[in-house]
Amino acid sequence: MSRRMDRGMIAAVIALVAADWLPKLWVTRSLALGESYSLIDGRIQFVHRRNPGVAFSMFADLPDAWRTPLLLAVGFVGVVLFSRIIV
């Protein structure tokens with residue numbers, strides 16, 4: 001893989017993480033829990049909700065002391081496997 005491709009991948013990852021986290025940051029700082037904001041009526045709406053688990057609230061019942069390390073480990077394994085696949 002060339003250096004140019006590495007920089008492009010890094011830029012893409014940074015852009016995707018920013019696109020994910022910036023709206024979340026705005027919602028948590030601007031809207032009260034349960035409050036909503038309609039960006040485009042009927043099309044795009046931001047609602048401040050909490051989901052302590054992952055998709056479909058999986059692991060939501062686990063205490064934070066277990067859930068956080070478990071999800072970090074699963075994420076780390078996923079990143080390692082994905083990097084081995086693409087390299």
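User: Okay, which residues line the largest pocket?
Analyst: Keep in mind that this is a predicted model. In it, the largest pocket is lined by Asp20, Trp21, Lys24, Leu25, Val27, Thr28, Val47, His48, Arg49, Arg50 and Asn51.

User: And how much space lies in the largest pocket?
Analyst: About 300 Å³.

User: Which helix gives the most to that lining?
Analyst: Helix 1 does, with 6 residues.

User: What's the lining like by class?
Analyst: A mix: the largest pocket has 4 nonpolar, 3 polar and 4 charged residues in its lining.

User: You listed Asp20 and Lys24. What do they form with each other?
Analyst: A salt bridge, with the closest N and O atoms 3.0 Å apart. As for the general idea, side chains of opposite charge can pair when their charged atoms come close.

User: Where do Asp20 and Lys24 sit along the chain?
Analyst: Both are in helix 1, which covers residues 3–30. Asp20 and Lys24 are 4 residues apart, and that is about one turn of the helix.

User: Are those two buried, exposed or partly exposed?
Analyst: Asp20 counts as partly exposed because its relative accessibility is 35%, between the 20% and 50% cut-offs. Lys24 is at 43%, so Lys24 counts as partly exposed too.

User: How many salt bridges are there in total?
Analyst: The count comes to 2. Besides the one between Asp20 and Lys24, there's one where the side chains of Arg67 and Asp64 meet, at 2.0 Å from N to O.

User: How far apart are Arg67 and Asp64 in helix 2?
Analyst: They are 3 residues apart in helix 2 (residues 64–86), so about one helical turn separates them.

User: Buried or exposed, for Arg67?
Analyst: Arg67 is buried, because its relative accessible area is 8% and the cut-off for buried is under 20%.

User: Switching back to pockets. What lines the second largest one?
Analyst: Met9, Val13, Val79, Phe82, Ser83 and Ile86 line the second largest pocket, and about 180 Å³ of space lies in it.

User: Which helices supply that lining?
Analyst: Helix 1 and helix 2 each supply at least two residues. Helix 2 gives the most, with 4 residues.

User: How many charged residues in that lining?
Analyst: No charged residues there: the second largest pocket's lining has 5 nonpolar and 1 polar.

User: New topic. What's up with the phi of Phe59?
Analyst: Phe59 has a positive phi, about 65 degrees, although it isn't a glycine. For background, most residues other than glycine have a negative phi.

User: Where is Phe59, anyway?
Analyst: In the loop between strand 2 (44–47) and helix 2. Phe59 is partly exposed, because its relative accessible area is 35%.

User: Which nonpolar patch on the surface includes Phe59?
Analyst: One formed by Phe56, Met58, Phe59, Leu62, Trp66, Leu70 and Val74. Together those residues have about 780 Å² of accessible area.

User: Tell me about Trp66. Buried or exposed?
Analyst: Trp66 is exposed, because its relative accessible area is 62% and the cut-off for exposed is over 50%. You'll find Trp66 in helix 2.

User: And where's Leu62?
Analyst: Leu62 lies in the loop between strand 2 and helix 2. With a relative accessible area of 31%, Leu62 is partly exposed.

User: Last one: how far is Leu62 from Pro52?
Analyst: Their C-alpha atoms are separated by 9.2 Å, and Leu62 and Pro52 are 10 residues apart along the chain.

Technical notes
Residues numbered from 1 in each chain as written. Predicted model: local features only at pLDDT ≥ 70, side-chain atom pairs only at ≥ 80, totals over all residues. Heavy atoms only, no water. Salt bridge = Lys/Arg side-chain N within 4 Å of Asp/Glu carboxyl O. Buried < 20%, exposed > 50% of the residue type's maximum accessible area, 1.4 Å probe, protein only. 1 Å grid on protein atoms, 1.4 Å probe; cavity = no way out; pocket = protein on both sides within 12 Å on 5 of 7 lines; lining within 4 Å. Points joined across faces, edges and corners; volume = space filled by probe spheres on them. Nonpolar A, V, L, I, M, F, W, Y, C, P; charged D, E, K, R; others polar. Patch = residues over 30% accessible without salt bridge, like charges linked within 9 Å, V, L, I, M, F, W, Y side chains within 5 Å. Areas by Shrake-Rupley, 256 points an atom, 1.4 Å probe, with all protein chains shown as cover.
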